[in-house]
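Good morning, colleagues. Please look at the sequence and the structure as they come up, and I shall then take you through several of their features.

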There are 2 protein chains.
Amino acid sequence: MTKKLPNNELERIANTTMADVVEIRLREYLKTSAFKPGDALPKEIELANSLGVSRNVVREALSRLRMLGMVETKKKRGMVLARPDILGSFERVLDPAIIDEHTLRDLFELRLTLEVGLADLLYLRKTAKDIAELEQIAKSQKVTGDKQTFRIQHEIAFHGKLYQMTGNDTMSRFQSMLLPVFGYLVTLEKKPIIGKVSHLDLVKILKEGTKEEFRQGMLQHLEHHFKKIQ
Amino acid sequence: MTKKLPNNELERIANTTMADVVEIRLREYLKTSAFKPGDALPKEIELANSLGVSRNVVREALSRLRMLGMVETKKKRGMVLARPDILGSFERVLDPAIIDEHTLRDLFELRLTLEVGLADLLYLRKTAKDIAELEQIAKSQKVTGDKQTFRIQHEIAFHGKLYQMTGNDTMSRFQSMLLPVFGYLVTLEKKPIIGKVSHLDLVKILKEGTKEEFRQGMLQHLEHHFKKIQ
DNA sequence: ATAAGTAGTTATGTACTACATATCAAATGT
DNA sequence: ACATTTGATATGTAGTACATAACTACTTAT
């Protein structure tokens, strides 16, 4: 007895579960209903009845939204709409070990792009205090010297400080989240490659030079990285 | 009858539920166990017993990991480790309506930074075909003319094409995900602001000029945006 | 009457059971 | 040797029950 082949479409997408559907429906509901953060939402039972699924399914969907920070729940208070941390969800999946080669390269290029574009924000917001701190970091390189792990730590500290100096918290966090990815890439290199422009050179430009000079300096500092991605 | 006060520790600020704990434990487990994508994982019941919680709680945690794309599940096959789509999770929470002002500004600056830094990748990968297409987009502006929505559509098309020309899929997707955010910001402006350097000017530089000229051109093209963020 | 304490109410958090469904694997028949 | 059937199994969904925290309203003592 041949079945009717319910969905003949190459047995496609059908892997969507009820929880997936409810998640989407809820997200739409939140967006279209013009709720503001802090507003109370219907209770689980009501959602379940309204959607025609068990409370269990609703909870699985809500569990996802909770993780993303889109809603918060308290014992009797019910649920309220919340502001998600847009980078928090990003952070969870950023594990170099499971990201494919292609995406790793993309992320690497993304950071290079940011670094080159940083000059404008830096010159807009740099302060004498920040530059002094940056210089301290740059100088500390000479002391610690040659060991691989120290070198990486130093790279992280210097470039991280640069991002922090832009006053852009989101960008700064974003960069620090990308660090494990680059740490992973750097360890693949055999020996340290010193660019023509050192960290101290960059600090000097920041103190005395122009935006354009800094950008050119950064380009040369990252030169060997750019060569690799060609 | 007074109970024994199970945990006296100032009753933990944290509202952490079992599902939260299990989610974290599972993520650690996946990272430390050196699984590769495609490897099979223990079944729900085993995890539940092993962790001392109900299957329900395990499913809520797994539901989150499933959404992030870290694991995939099939009916009898069980669970397998999967490659998460690193931008997918980002996309879900990117709703301009619920992102706070401060973060919106940060994202705006992030895009400006990328745009300025784009020159190097562009000159590394641009092709005659891409430039021709870009020129078509730039020219189409003159035709459609003045209406607000058309202008925004055109902006999106032009800058989107630029990102696509970098050959960096991740960056391109990232930019397109940020579009709703900027669409939101742009609609707040009363009237269109035309920079000194038009899209057609940028195309011309791409065809005949150098990296540095393009970067300067882009800076001037975005000039009024940079003025706003000071 | 005000303050403090107490009991009830309610929505989420957790556990458990039961069954549906899809899929793999072995057994069976031709 | 191949196709079909049958069973076993892990996830997906439903439903019930109770624990827990937090809000409400009531009672009681000063």
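A helix here is a DSSP run of H or I with at least four residues, and helices are numbered from the N terminus. What you see is a predicted model.

I begin with a serine. S63(A) belongs to helix 3 of chain A, which covers residues 55-68. Is this residue buried or exposed? Its relative accessibility is 0%, and S63(A) therefore counts as buried, the limit for that class being under 20%. Setting aside residues up to four places away in sequence, S63(A) touches E60(B) and R64(B).

Next, the helix pair. Helix 5 of chain A and helix 5 of chain B, each comprising residues 101-117, have axes that come within 7 Å and cross at roughly 95°. The two helices are therefore roughly perpendicular to each other. From chain A, L110(A), T113(A), L114(A), V116(A) and G117(A) make the contact, and from chain B, L110(B), T113(B), L114(B), V116(B) and G117(B). By class, six of the residues in this contact are nonpolar, four are polar and none is charged.

I turn now to the sheet in chain A. Its three strands form an open sheet in the order 1-3-2, with antiparallel pairing. Strand 1 (40-41) and strand 2 (71-74) are at the edges with a single partner strand each, so one side of each has no neighbour in the sheet. Two bridges join strand 1 to strand 3, residues 78-81, and M79(A) in strand 3 is the bridge partner of L41(A).

Finally, the largest nonpolar core has 127 residues, and L162(B) is among those touching the most other members.

How values were computed. Residues numbered from 1 in each chain as written. Chains lettered and ligands numbered in written order. Predicted model: local features only at pLDDT ≥ 70, side-chain atom pairs only at ≥ 80, totals over all residues. Heavy atoms only, no water. Pairing = 2+ DSSP bridges. Core = buried A, V, L, I, M, F, W, Y, C linked by side-chain atoms within 4.5 Å. Buried < 20%, exposed > 50% of the residue type's maximum accessible area, 1.4 Å probe, protein only. Contact = heavy atoms within 4.5 Å. Axes fitted to C-alpha atoms, helices over the stretch in contact; angles between N-to-C directions. Parallel < 35°, antiparallel > 145°, perpendicular 65-115°, else oblique. Nonpolar A, V, L, I, M, F, W, Y, C, P; charged D, E, K, R; others polar.
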